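Please open the model in your viewer and keep the sequence panel beside it, so that each selection below can be followed in both. The tour moves from single residues to helix pairs and then to the whole chain.

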Amino acid sequence: MTDGRRVYLDKQSPAAYRALVHTADAVRATAADAGLDRILVELVNLRVSQINGCAYCLDVHTKAALRAGETARRLGVLLAWRDTELFTARERAALALAEATTAPADRLAQDRAYGAARAVLNEEEISAVIWVAIAINAFNRVSILSRHPVRDAAPAPASAPAPSAPLSVDATA
């Protein structure tokens, strides 16, 4: 299509999307079983979504992070997390691991991330962080390639046609 419209992958292929949602449910359970708190999971979701440039997932997970008790200050500097003292050693390790998962071709970054993670996370936690990053990467691709919109919460004028809304692409929130 040259008109800019995209196929909403979640609506066009609902069985495949439901399988992704079921995977995200299993990942959420894995993270909880590993003892990862909701804020750490949302930081991973947000950092990966920043790297991928997924506006829809950034919107969804910013709201989820705030609901979980995250502060606007930390969210505002998440992009530059390495340059602050606002994140714990566990969060820093998880963020580095999430970045290495999102850009797996950089083996040196992977090795550094694993080294940092092993210093503060156990194997169950490392696995859970990587699965969270894998899941949000998948949802980022669905939203980016579908061009899921981020809409204002204000109601549309009565004369405006109702746009088609994506299915919830946030199974990790």
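Select Arg 147 and show its surface: with a relative accessibility of 45%, Arg 147 counts as partly exposed, a class that lies between buried, under 20% relative accessible area, and exposed, over 50%, as computed with a 1.4 Å probe on protein chains only. Arg 147 sits in the segment after α8, and its backbone deserves a look as well, since Arg 147 has a positive phi of about 55° although it is not a glycine.

Before going further, note that this is a predicted model, in which local features need pLDDT of at least 70 and side-chain atom pairs count only at pLDDT 80 or more, while totals for chains, interfaces and linings use all residues. Residues are numbered from 1 along each chain as its sequence is written, and side-chain values use heavy atoms, with hydrogens and water left out.

Next, select Ala 55, which is placed in helix α4; helices here are DSSP runs of H or I with at least four residues, strands are runs of E with at least two, and both are numbered from the N terminus. Ala 55 counts as partly exposed at 47% relative accessibility. Add Val 150 to the selection and draw the C-alpha to C-alpha distance, which is 6.8 Å, although the two residues are 95 apart in sequence.

Stay with α4 (residues 55–67) and add helix α3 (residues 38–52): the two pack at an angle of about 160° with their axes 9 Å apart, where axes are lines fitted to C-alpha atoms, for helices over the stretch in contact, and angles run from 0 to 180 degrees between N-to-C directions. α3 and α4 are therefore roughly antiparallel, a label for angles over 145 degrees, whereas those under 35 count as roughly parallel, 65 to 115 as roughly perpendicular and the rest as oblique. Show side chains where they meet, including Leu 46 and Ser 49 in α3 and Leu 58 and His 61 in α4, with contact meaning heavy atoms within 4.5 Å. The residues of this contact divide into 5 nonpolar, 5 polar and 1 charged; Ala, Val, Leu, Ile, Met, Phe, Trp, Tyr, Cys and Pro count as nonpolar, Asp, Glu, Lys and Arg as charged, and the others, Gly among them, as polar.

Now hide these and select helix α6 (residues 89–102) together with α8, whose axes come within 9 Å and cross at roughly 50°. α6 and α8 are therefore oblique to each other. Among the residues making the contact are Ala 94 and Leu 97 of α6 and Ile 126 and Ala 133 of α8, and the contact's residues divide into 8 nonpolar, 3 polar and 2 charged.

Which rings have their centres 6.1 Å apart? Select Tyr 17 and Phe 139, whose planes stand at 90°, so the pair is edge-to-face; rings of Phe, Tyr and Trp (its six-membered ring) pair if their centres lie within 6.5 Å, with planes under 30 degrees apart counted as stacked, over 60 as edge-to-face and the rest as tilted. Tyr 17 lies in helix α2 (residues 14–33) and Phe 139 in helix α8 (residues 123–146), so the pair ties together parts that are 122 residues apart in sequence. Tyr 17 is buried at 7% relative accessible area, and Phe 139 is buried at 1%.

Finally, zoom out to the whole protein, which has 8 helices and 0 strands, and where buried residues make up 40% of the 173 residues.
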